[in-house]
Amino acid sequence: MSPVLTRPATWPRWARFSVIALAVVCVLGATAVVGYRVLRPADTAVEASGSYPDRPTAEPVRYGELTSAPLIVDGRLRVYADARRVWADTSLTSRTEMTPFWSIRRWPAEVVGVVAVEGQYEGVALVIAKFSDGVVLAINPRTGRVAWQDQAKASVNEKFDGRRTGGATVWQPAGIFTSRSNTDGGAVLIVAGADEVIGYNPWTGKRRWEFTFTEHPGCHETDWTSETTYIVKDSCAAPATLQVFDVASGKLLNTWTPPGASAGPAEAANWFIEPMSCARGHSECGLLKATGGQTVLSVEERAERLAGDTGTVWRVNFDGKVTQEKYATGNRTFLWNEYLIQNSGDPHYVVRAVDRATGDPVWTHKAAGLKLVAVGRLGAYAIDDKLNLVVLHPTLGVELSRTDLKERPDEVWVPGLVHTAGRFVAVERLTGGSPKEPDDRYFLGSTPVVLAGV
């Protein structure tokens, strides 16, 4: 006869406690296994699912609206970023975002910056991303495969800062820049964070040089590149100093402070500076604006005759020397060969080109209300008061193309970050509210990026 099973209530106390303890251990063990599977660090890559697309021909039209800000790479792909993923889609002229061509996801690290390096030959390019744990990944845009990987340092406050569109992460990233060697013209990748800066050969991932700031740790967060130099501000020196390094060798070329910089107290010693005339984001910037004070007046504030400094525009030369651009207005000033293409120093926003050496006028465009957003080999790009994207010839000033960025005639919005890549332009659309507003009030709608051709 089978034994009769008694109820647990009739078991001895020690037996009941043993069973309960065993059950608790089993539950906790199962929870730990599930938690590890969900929470363990994980990298996921989905390689390209099709052939590398051809380069489309751009037309001066409004192509469509996107949820995310595209970094246009090699004239073929749109590369995006969110907090933990970098991905690409195609074709370049699609009205909306498409199924990813390839994607790379890392967790729990966040994407802090994405840049592209393009070679002199068509179809030669790399997408390079930096993550909040210091990992640097170079991605082959043809395949989505990792070309090389390195471990750099990351500052404690580095995180995804692209908000809804990812625009700041792919169009104006912090801590990752491109530049070129002054000796052979080759591309150089600069990665900075946690008081360390590394110069890479972007094609191989080999480190060319590295430097650690031992004095004033945590005070080297304001940085960018010129065409051939890495520029970083020591904000804790008294007065704050600008250090200029050669990107090819890492050699310190110069240390500079603007006229009138204060030696103290600390809040007064950290003077104002910003890069200008950048090829993309804060990379390959031809000019900078600085003043010995902490702030500068805007064009509108200057027109109201408010007290304060408007700042001075300077050029960082190949040898690291910093020279004043005497004829720069400082109002959206761009360097183009031996010209300065810029808006007038008043709220009328007339676009003019002047000779850098003499200040002599080269050309003045007849229309007012054109706010410059970029200058490249194809022209000077500006957005007017009616939200038209206008391209002017860089040496003649004549209008080359005009594209209406609005879908409807009554559409009203404020341009945010802008990305230009040859004959393609992407623009963030903002409501005009404060940057402190939540994304649904700061950006215009759920598809706040407009893509257009010129």
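Here is a short walk through this predicted model, stop by stop.

Before you click, note that residues are numbered from 1 along each chain as its sequence is written. Local features here need pLDDT of at least 70, side-chain atom pairs count only at pLDDT 80 or more, totals for chains, interfaces and linings use all residues, and side-chain values use heavy atoms, with hydrogens and water left out.

**Stop 1: a hairpin**

Select residues 222–225 and 229–234. These are strand 15 and strand 16, which pair in the antiparallel sense over 4 bridges. Strands here are DSSP runs of E, at least two residues long, and helices are runs of H or I, at least four, both numbered from the N terminus. Two strands pair if DSSP finds at least two bridges between them. The two form a hairpin, with 3 residues between them. To see one bridge, pick Thr 225 and find its partner in strand 16, Tyr 230.

**Stop 2: the disulfides**

How many disulfides does a search of the whole structure find? There are 2, a disulfide being a pair of cysteine sulfur atoms within 2.5 Å.

Stay by the hairpin and show Cys 219 and Cys 236, joined with an S to S distance of 1.9 Å. Cys 219 sits in the loop between strand 14 (207–212) and strand 15, and Cys 236 in the loop between strand 16 and strand 17 (241–246), so the pair ties together parts that are 17 residues apart in sequence. Turn the view to look at the S-S bond: its torsion is about -70 degrees, so this disulfide is left-handed. Is Cys 219 buried or exposed? At 7% relative accessibility, Cys 219 is buried, while Cys 236 is partly exposed at 42%. (Buried means under 20% relative accessible area, exposed over 50%, partly exposed in between, with a 1.4 Å probe and protein chains only.)

Now jump to Cys 278 and Cys 285, where the sulfurs are 2.0 Å apart. This link is right-handed, with 105 degrees about the S-S bond. Cys 285 is buried, at 2% relative accessibility. Number the bonded cysteines in sequence order and the pairing reads 1-2, 3-4.

**Stop 3: an open sheet**

Next, select residues 371–376 and 399–404. They are strand 27 and strand 30, the edge strands, each pairing on one side only. The sheet they belong to is open and has 4 strands in the order 27-28-29-30, with antiparallel pairing. Strands of a sheet pair through backbone hydrogen bonds, either parallel or antiparallel. Add residues 379–383 and 388–392 to bring in strand 28 and strand 29, joined by 4 bridges. One pair to label is Ala 382 with Val 390 in strand 29.

**Stop 4: Phe 424**

Pick Phe 424, which has its place in strand 32. With 5% relative accessibility, Phe 424 counts as buried. For a sense of scale, draw a line from the C-alpha of Phe 424 to that of Ala 109: the two are 31 Å apart in space and 315 residues apart in sequence.
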